[in-house]
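Biologist: Could you take me through one part of this model up close? I'd like to hear about a single strand and its neighbours, and then about the aromatic rings.

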Amino acid sequence: MKFSLIYEAQTVDASREGDRRIFDETVEHAVLADKLGFDTFWCVEHTALTNYSHMSAPETVLAFVAGKTERIGIGHGVVCLPPAMNHPVKVAERIATLDLLSKGRVHFGVGKGGTEQEAGTFGYDLASLQPQIDEAMYLIPKMFVRDEIEHHGDFVQMPRRPIHPKPYQDPHPPMYLACTNTESLKRAGGRGMGALVLGFGGPEEIAKKVAVYHEAWDQREEKDQVGFRPNRHIAALCPAIVLDDNATARKIGIRGQRYFMESLGYWYGGGARPDPAQWTEDVVHDGSGQDIIKSNFASETVTVDFSDPAMSMLNPNHAYGTVEDCIGYVQRLIDAGADEILFICQMGTVPNWAQLETLKNIGEKVIPYFRSRQQQDR
């Protein structure tokens with residue numbers, strides 16, 4: 001099992017001062033995570049999504065973090081591959097350079113971004129991007145292993161050129177695909193890539209996604225392999241606030257998740273930006289009496305199905321609580337088939353002190369608990 005962190009640089013304060021603070025805190029967490037024994041420090045990539053994510057240059061953040069740490073993995077979760085956003089040659093060069101400088105610590109995830117807001121920034125229609133992403137993800141690993149490469153595709157034209165440098169890892173860093181739905185899970189498994197399962201559905205939904213992924217993996221064909229290093233691996237998102245007091249942790253975590261949900265919802269579906277100053281309660285009941293996170297797009301008269309990706313972020317039942325609560329939740333993710341836990345605690349309204357205490361509790365108590373059990377099972 002691996003235990004990792006994933007960061008969006010999500011902030012309630014979109015001012016210059018807010019940006020300074022969120023990036024200072026992100027680096028502070030990375031350095032602490034390195035000392036505490038976390039396995040990988042992942043960063044997303046988004047553009048033009050005010051408040052939801054200011055992580056627009058993960059290659060810079062990860063290079064800075066690599067220079068300040070000694071052993072923690074450096075994860076792109078993920079590089080967005082539309083050519084006008086990140087040309088395949090530049091991606092290959094940056095990934096290989098970072099892998100060299102970090103002495104082989106890079107994990108290389110790919111995707112296309114999730115909103116028309118982002119795609120339109122670079123002149124694209126989001127619905128048209130998948131063929132371009134496919135071409136790029138097959139092309140980049142060839143640059144890692146070939147002395148020279150020439151390519152004449154539908155979206156990328158490239159005369160014969162040598163691409164330098166080559167990665168530290170041979171043949172190249174492990175590759176992953178961002179997976180938010182069934183089709184992307186099938187694509188990851190069918191192409192021999194790791195799956196970064198990003199969603200709030202919970203352990204039961206992770207179990208279903210694991211089954212889809214492994215079925216696609218077992219049926220994959222050699223010609224569909226992306227890159228030259230098959231990577232059978234499921235990394236599952238785990239929202240977490242872990243404090244001594246259960247009620248406080250749950251209150252902070254659920255409010256942070258609500259901000260995460262509503263700030264993302266603003267860019268996906270429009271409506272008002274989230275305003276935590278106006279929130280009086282964060283948990284209500286749906287039509288069946290089930291606890292859900294309060295939202296302007298969920299009716300309290302309708303039963304919410306957390307297995308619906310559109311509704312999964314209304315699920316308030318995650319690793320919000322004490323160390324024992326976190327251990328229990330993580331065990332459920334492991335039982336569901338996760339190979340890596342992607343803890344996320346940097347969610348909008350969550351104060352830095354709560355994030356730091358969460359990292360310390362996970363690093364000093366949760367991770368050692370599972371490491372000890374792994375040793376006993378050997």
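Modeller: What follows is a walk along strand S9 and its partners, and then a look at the aromatic rings. Keep in mind that this is a predicted model.

Let's start with S9, which spans residues 234-242 and is mostly covered: nine of its nine residues are buried. That goes for both faces of the strand. On one side you have Ile234, Ala236, Cys238, Ala240 and Val242, and on the other Ala235, Leu237, Pro239 and Ile241, all of them buried.

Now for the partners. Strand S13 (residues 340-344) runs parallel to S9, and five bridges join the two. If you want a spot to look at there, find alanine 235, which stands opposite glutamate 340 in S13. Strand S8 (residues 194-197) also pairs with S9 in the parallel sense, over three bridges. Here alanine 195 has isoleucine 234 of S9 as its bridge partner. Then there's strand S12 (residues 319-321), which pairs with S9 over three bridges, again in the parallel sense. In that pairing, alanine 240 stands opposite alanine 319 of S12.

On to the rings. Searching the whole structure turns up 10 aromatic pairs. One of them is tyrosine 213 with tryptophan 217, a tilted pair at 6.2 Å centre to centre with 45° between the planes. Both residues sit in helix H7 (residues 203-218), four residues apart, or about one turn of the helix. Both tyrosine 213 and tryptophan 217 are buried. Tyrosine 369 and phenylalanine 370 make an edge-to-face pair, with 5.0 Å centre to centre and 90° between the planes. How covered are these two? Tyrosine 369 has a relative accessible area of 34%, so it counts as partly exposed. Phenylalanine 370 is at 4% relative accessibility and therefore counts as buried. Add Phe3, and you have one aromatic cluster made up of Phe3, Tyr369 and Phe370.

Two arginines are worth a look as well. Arginine 220 lies over the face of tryptophan 217, at 4.1 Å from the ring centre. That brings us back to the tryptophan of the tilted pair with tyrosine 213. Elsewhere, arginine 258 has its charged end over the ring of tryptophan 279, 4.0 Å from the centre of that ring.

Note on methods. Residues numbered from 1 in each chain as written. Predicted model: local features only at pLDDT ≥ 70, side-chain atom pairs only at ≥ 80, totals over all residues. Heavy atoms only, no water. Phe/Tyr/Trp six-rings, centres within 6.5 Å; stacked < 30°, edge-to-face > 60°. Buried < 20%, exposed > 50% of the residue type's maximum accessible area, 1.4 Å probe, protein only. Lys NZ or Arg CZ within 6 Å of the ring centre and 35° of its normal. Pairing = 2+ DSSP bridges.
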